[in-house]
Amino acid sequence: MEKSVGFFIFRLGSTTEYLFLKSSKLHEWGLPKGHVEVNDTGELGTAFRETREETRLTPSDLTVIPNFRVSMTYPVKKGSKLKETIYFLAKLRNPDAPIVLSSEHSQYKWLDLSSALDHIKFKDLQDNLKKADIFIQELKQT
């Protein structure tokens, strides 16, 4: 089964905002993620490598939020093989850290939950971003 891993990257300000990237190829908005490679050190290793490649954010720019991991399995195309996509939750330490895009992406945006949901076309991913947002709100209360 094909496998991709990434992050829901968020920053805190007056609202919680999520980092979205626009694909240069498909012109769709998505999140930092990518395929697992042989030399990756586990799922988090893949998420960090892909985030660094796509945004130039490094592990020192992010705080991984413990105990949050979501997984979705779906067919890549109708009748084709299955793909698993896993997301972890990571807070951007410096809300003003620069995002430097690779050639894979043409734009980035920071979006609040409502706007973010409008940019996601798959219900499973929308539901998992809502879970992440609830998780963040609960953390803010502790």
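This passage describes one helix, the largest pocket and three residues of a predicted model.

Helix α1 covers residues 42-55. Its length can be checked by simple arithmetic. At 1.5 Å a residue, the 14 residues of α1 should span 20 Å. The C-alpha atoms at the two ends are 20 Å apart, so the expected and computed spans agree. Directly after α1 comes R56, which has a positive phi, near 65°.

Which residues of α1 are buried? They are G45, T46, A47, F48, R49, E50, T51, E54 and T55. Several strands help to cover these buried residues. Among the covering elements are β1 (2-12), β2 (16-23) and β4 (33-35). Strands β5 (62-75) and β7 (105-111) are also included in this cover.

Strand β1 holds two residues with polar contacts made by their side chains. E2 is found in this strand. The side chains of E2 and H35 are joined by a polar contact of 2.5 Å. Leaving aside residues up to four places away in sequence, E2 touches H35, V76, K81, L82, K83 and E84.

R11 also lies in strand β1. Its side chain forms a polar contact of 2.8 Å with the side chain of E17. A polar atom of the R11 side chain also lies 2.9 Å from the backbone oxygen of P95. Both E17 and P95 are among the residues that R11 touches, when residues up to four places away in sequence are not counted. The others in that list are T16, L92 and W110.

The largest pocket has a volume of about 1,200 Å³. How many residues line this pocket? The lining has 33 residues, and L26, E28, K33, Y74 and K83 lie nearest the centre. By class, 13 lining residues are nonpolar, eight are polar and twelve are charged. Many elements contribute to the lining. Strands β1, β2, β3 (29-30), β4, β5 and β6 (82-92) each supply at least two residues. Helices α1 and α3 (123-141) each do so as well.

K130 sits in helix α3. Is this residue buried, exposed or partly exposed? Its relative accessibility is 37%, which lies between the 20% limit for buried and the 50% limit for exposed. K130 therefore counts as partly exposed. In sequence, K130 and S71 are 59 residues apart. In space, their C-alpha atoms are 14 Å apart.

Methods:
Residues numbered from 1 in each chain as written. Predicted model: local features only at pLDDT ≥ 70, side-chain atom pairs only at ≥ 80, totals over all residues. Heavy atoms only, no water. Helix = DSSP H or I, 4+ residues; strand = E, 2+ residues; numbered from the N terminus. Expected span 1.5 Å × (residues − 1). Buried < 20%, exposed > 50% of the residue type's maximum accessible area, 1.4 Å probe, protein only. Contact = heavy atoms within 4.5 Å. Polar contact = N/O pair within 3.5 Å; in protein donor to acceptor, adjacent residues only side chain to side chain. 1 Å grid on protein atoms, 1.4 Å probe; cavity = no way out; pocket = protein on both sides within 12 Å on 5 of 7 lines; lining within 4 Å. Points joined across faces, edges and corners; volume = space filled by probe spheres on them. Nonpolar A, V, L, I, M, F, W, Y, C, P; charged D, E, K, R; others polar.
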